[in-house]
Amino acid sequence: MDALLTKSEKKEAWPITEKISGSEALLRCLVAENVKTIFGYPGGAIMPVYDALYDFADQLNHILVRHEQGAIHAAQGFARVSGRPGIVFATSGPGATNLVTGLADALIDSTPLVCITGQVFAHLLGTDAFQEIDVINTTIPVTKWNVQVTEAKDIAGAVAKAFHIATTGRPGPVLIDITKNAQNELFEFAEYKKCTSIRTYRPKPTLKVTEVEAAAELINVAKKPYILAGQGILLSNASEELLAFSEKTGIPVASTLLGLGAFPTDHPNYVGFLGMHGNYAPNINTNECDVLIAVGMRFDDRVTGNVSKYAKQARVIHIEIDKAEINKIIKAEVAVHADAKEALTLLTTMVEPSSHKDWIQNFRDLNQQEYDKVVHAEFHSSGELKMAEAINQLSQKTNGEAILVTDVGQHQMVASRYYQFKNPRTNVTSGGAGTMGFALPAAMGAKLAIPHKQVVAVIGDGGYQMTVQELGTIMQYNIPVKILVLNNNFLGMVRQWQQLFHAKRYSFTEMTNPNFVKIAEAYSIPARKVDQREDLSAALQEMLDAETPYFLEVVVGKEDNVFPMVPAGAGVAEVILEIPKR
């Protein structure tokens, strides 16, 4: 009979809208936004959503984590490698507050997330009801935008707005707090409409040709130009544009921590990793260049060191989508407020072809000093195993093409120095917030987002134990992530500072650790421990060849330090290659 009805008759026969619950409406909205994976943990205040989710099993893949912090870090890993927003469900009260660390991490590292939290019934708001927390005011400082929904009819609009804000401009986390009555309420639901604009929100600035022309003029007369590549390159998918710009101009490129992978490390114009534990030459030559071209980076203190000593000789060009970052820390002579991809595309047409072989050779000469004093000893040690050896072999065995997810500490800096990233979106780490416990759940999320890629979590023994419960999630869903724990039985980064600046007063940094192998095996994850150099290569290969999750513990030296290092309060050119002699 349906086929016999005309379009107008169908319109009269069936209403355009239908009555469904707020919970079902929420899930329909997520499906319309092409969401496939959700990381979450159920509870009383979000129970209606989980009840509705039961009927969406063929459309939405929900991953039950073991802690809400695990959910949000997994969503971060998912977002960082895929470019799509990570989705999180949590209940009210402690469920919501357990997301705060991840929200803060995502905000400072520009990671798009859409977090949905359940909330008590609207009539109970403000009464200190069971598991009631004012999640809106709690999360205002750590979200790009948040909203509380108390009526079912407002859910679709909130979701549409949330996705638009999270993914446009400088990406970031958003949070929707939905009261339980709004989840239960039946209402007439029409077709979901995606949000494409908000009257008071202008995420993408209009590229000004005059700003790019001014930048080109400086670049064309520069003798020692220098590109600092930040994560903005990755967020705007501008790696190819950066490569074209560098190859046309011959300008050397250094990377920030979060910018690693934006420019191939095997390219002749790549000169290293910036920052407190970055390469020697990129830090030294920051104070030698005549034009500094910062693209999609925010001049974090770990990059600048003492700002009063930073690049005083250089004329600074800053290409940045977030206007708040321009002139916030380092004053730019030319500020290009724009999307990195658009700005580099136009800039490349305006700059003159050039070569800076002598300038790049200067980087090579300085990096040879670093090799002679630091790298050679780390790769050719006869004593205890070193973190650098493990990372160097991992890089070689994966050809720099694995997705590397690192936690926070010495191992993070060593991985950033010695893993030779070849491709964009393969370096996942906690940058601005420095969140220990990040790597294990983030690696789960990354593997679920890009299942065909090798994903290796590199973690210290301290950070590993902060979210070790997520081994349960890995076991339940058989997520074939590889876990490499570099164990020095210390909170290594803090210990290094205590050694260098506090007369080896190791105050509460030494750790007595459990049997990590037995813990992994308890979760049905194959595991191995290595403490001898001759066993390292085979163990790494066994880990990489495994078709299942795999845990490998590598025992490294207790006082294995990370150099170079820019000491606190020093300028970047005061970077040291070894422990100062007293």
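Helices and strands here are DSSP runs, numbered from the N terminus. Keep that in mind for the labels I use. One caution as well: this is a predicted model.

Let's start with the sheet. There are 6 strands in it, and the sheet is open. Reading across, the order is E3-E2-E4-E5-E7-E6. The pairing is parallel. Which strands sit at the edges? Strand E3, residues 61–64, and strand E6, residues 145–149. Each of those pairs on one side only. On average, neighbouring strands in this sheet are turned by 20° against each other, ignoring direction.

Now one pairing inside the sheet. Strand E2 covers residues 37–40. It runs parallel to E4, and 2 bridges join them. Look at Gly40: opposite stands Phe89 in E4.

Next, a helix. H6 spans residues 100–108. Helix H6 lies across strand E5, 113–119, and strand E7, 173–179. Its angle to E7 is about 145°.

Last stop: Thr91. Where does this residue lie? In the loop between strand E4, residues 86–90, and helix H5, residues 94–97. Is Thr91 buried or exposed? The relative accessible area of Thr91 is 6%, and the cut-off for buried is under 20%, so Thr91 counts as buried.

What does Thr91 touch? Leaving out residues up to four places away in sequence, the list includes Tyr41, Pro42, Gly43, Gly44, Ala45 and Ile46. Ala96, Thr117 and Gly118 are also on it. With Ala45 there is a polar contact to point out: the Thr91 side chain reaches the Ala45 backbone nitrogen at 3.1 Å.

Technical notes
Residues are numbered from 1 along each chain as its sequence is written. This is a predicted model: local features need pLDDT of at least 70, side-chain atom pairs count only at pLDDT 80 or more; totals for chains, interfaces and linings use all residues. Side-chain values use heavy atoms; hydrogens and water are left out. Helices (H or I, at least four residues) and strands (E, at least two) are DSSP runs, numbered from the N terminus. Buried means under 20% relative accessible area, exposed over 50%, partly exposed in between (1.4 Å probe, protein chains only). A polar contact is a pair of N or O atoms within 3.5 Å; within protein, one must be able to donate a hydrogen and the other to accept it, and residues adjacent in sequence count only if both atoms are side-chain atoms. Contact means heavy atoms within 4.5 Å. Two strands pair if DSSP finds at least two bridges between them. Axes are lines fitted to C-alpha atoms, for helices over the stretch in contact, and angles run from 0 to 180 degrees between N-to-C directions.
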